[in-house]
Amino acid sequence: MKNRNHKLTLLFVLLVIVIGACQKEINLPGIANDPILYMPQAPRGNPFNLVEVISREPGQLDTVYYRPYSAYLEGKAPAAQDIQVEFMIDHKKLDSLNALEEAAGRAPYELLPAGSYTEGSMKATIKKNERISDIPQFGINPKLLKEEGKYLIPISIKNASPNVAVKSALKTAYYQVSLTVPDFVSGTYMASGVRNGDGYGTDPTKVKKTITKVGNHIYEVNLIANLGPWCCSNQFRLKVNPADNTVIVSGHLEDVGNLLTNREGTTSTFDPLTNTFVLFYNYSYYGYGAQMTETLKKL
């Protein structure tokens, strides 16, 4: 009987220990028990959210690209009441990243130019008994972007009401924006114009030419004036300034000493609506020189 009572006592003590352990709060590794906010779009592995936008053909309306941002409430329980979260474009984060880029000898990131994006409301609400906020979006219009631009938008949680702690490592989402410009220029062109000089007097020209994109706003033309491929090993390049569609002509005729240059007092241009180049340039060929005026219109 004594033995039996002793066993029952031990069993009771064990039950008390087990029940006590069950009632104790358990701290789960990596998960906050107290409420804490973070952005689900913040980096985990890949540092940036990549946003690829495409420019439309001249004369067409550009597509606006939208991307989300939001807040999430981590902790042992969902929101006890509505939580208002405010976001911001974080210039300090951009400055910090650029200090690292410049130290590594790389070009800095830049914000999208004014007028090329809309921030959205920069506010969101986590409703009572919820964890995820509603999801505002910012919009990007590619029209004012440059193909060579290195763009970054850092969006951070600014504050919350009522006050809730923010997980510092995950308070900012980074959106890296890159522009792809479809090649509307390359193709076959009809070139017509007038050549003056080079010992032949005034010479009207009309010939088909091929233009090929070789870089950002840089194009290669296969023929100089109306000199066929039988003549020389040419380099004839056109660099278009996208800001005003003026064109710089460069290259050489057979030898790098036989230069193509822009004609002084003139401005070469490109019309993206009609894919038409109007060019004024000089070229030399072992002591002979010529002035070329020509219009290249895409077929």
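A salt bridge is counted here where a side-chain nitrogen of Lys or Arg lies within 4 Å of a carboxyl oxygen of Asp or Glu. In the predicted model examined here, Arg237 and Glu220 meet this definition, with their closest N and O atoms 2.8 Å apart. This pair links distant parts of the chain, since Arg237 belongs to strand β15 (residues 234-240) and Glu220 to strand β14 (residues 218-221), the two residues being 17 residues apart. Arg237 counts as partly exposed because its relative accessibility is 29%, and the partly exposed class covers values between the limit for buried residues, under 20%, and the limit for exposed residues, over 50%.

By this rule the chain holds seven salt bridges. One of them joins Lys209 to Glu294, where the closest N and O atoms are 3.0 Å apart. Lys209 lies in strand β13 (residues 202-215) and Glu294 lies in strand β20 (residues 288-298), so this salt bridge ties together parts of the chain that are 85 residues apart in sequence. Both Lys209 and Glu294 are buried.

A further salt bridge is formed by Glu101 and Arg106, with a distance of 3.0 Å between the closest N and O atoms. The surroundings of these two partners can be described through their accessible areas: Glu101 is buried, with a relative accessible area of 9%, whereas Arg106 is partly exposed, with a relative accessible area of 45%. Through salt bridges that share partners, Glu101 and Arg106 are also joined with Lys150 into one network. In general terms, side chains of opposite charge can pair when their charged atoms come close.

Turning to the secondary structure, the chain contains two helices and 20 strands. Five of the strands form an open sheet in the order β2-β11-β9-β5-β7, and the pairing within this sheet is mixed. Strands β2 (49-54) and β7 (123-126) stand at its edges, and because each has a single partner strand, one side of each is left without a neighbour in the sheet. On average, neighbouring strands of this sheet are turned by 30° against each other, when direction is ignored. Within the sheet, strand β9 (residues 151-161) pairs with strand β11 (residues 172-180) in the antiparallel sense over six bridges, and Leu152 stands opposite Gln176 in β11. Helix α2 (residues 91-103) packs on this sheet, where the helix touches β5 (83-89), β9 and β11, and the direction of the helix makes about 135° with that of β9.

A second arrangement is an open sheet of three strands, ordered β4-β1-β10 and again with mixed pairing. Its edges are formed by β4 (72-74) and β10 (165-166), each of which has a single partner strand, so that one side of each is left without a neighbour in the sheet. Strand β1 (residues 36-38) pairs with β10 in the parallel sense over two bridges, and Ala165 in β10 is the bridge partner of Ile36.

For the chain as a whole, buried residues make up 35% of the 299 residues. The exposed surface of the chain amounts to about 17200 Å², of which carbon and sulfur atoms supply 56%. When contacts between residues at least 6 apart in sequence are considered, 62% of them join residues at least 24 apart.

Terms used: Residues are numbered from 1 along each chain as its sequence is written. This is a predicted model: local features need pLDDT of at least 70, side-chain atom pairs count only at pLDDT 80 or more; totals for chains, interfaces and linings use all residues. Side-chain values use heavy atoms; hydrogens and water are left out. Two strands pair if DSSP finds at least two bridges between them. Helices (H or I, at least four residues) and strands (E, at least two) are DSSP runs, numbered from the N terminus. Axes are lines fitted to C-alpha atoms, for helices over the stretch in contact, and angles run from 0 to 180 degrees between N-to-C directions. Contact means heavy atoms within 4.5 Å. Buried means under 20% relative accessible area, exposed over 50%, partly exposed in between (1.4 Å probe, protein chains only). Accessible areas come from the Shrake-Rupley method with a 1.4 Å probe; for residues, only the protein chains shown count as cover.
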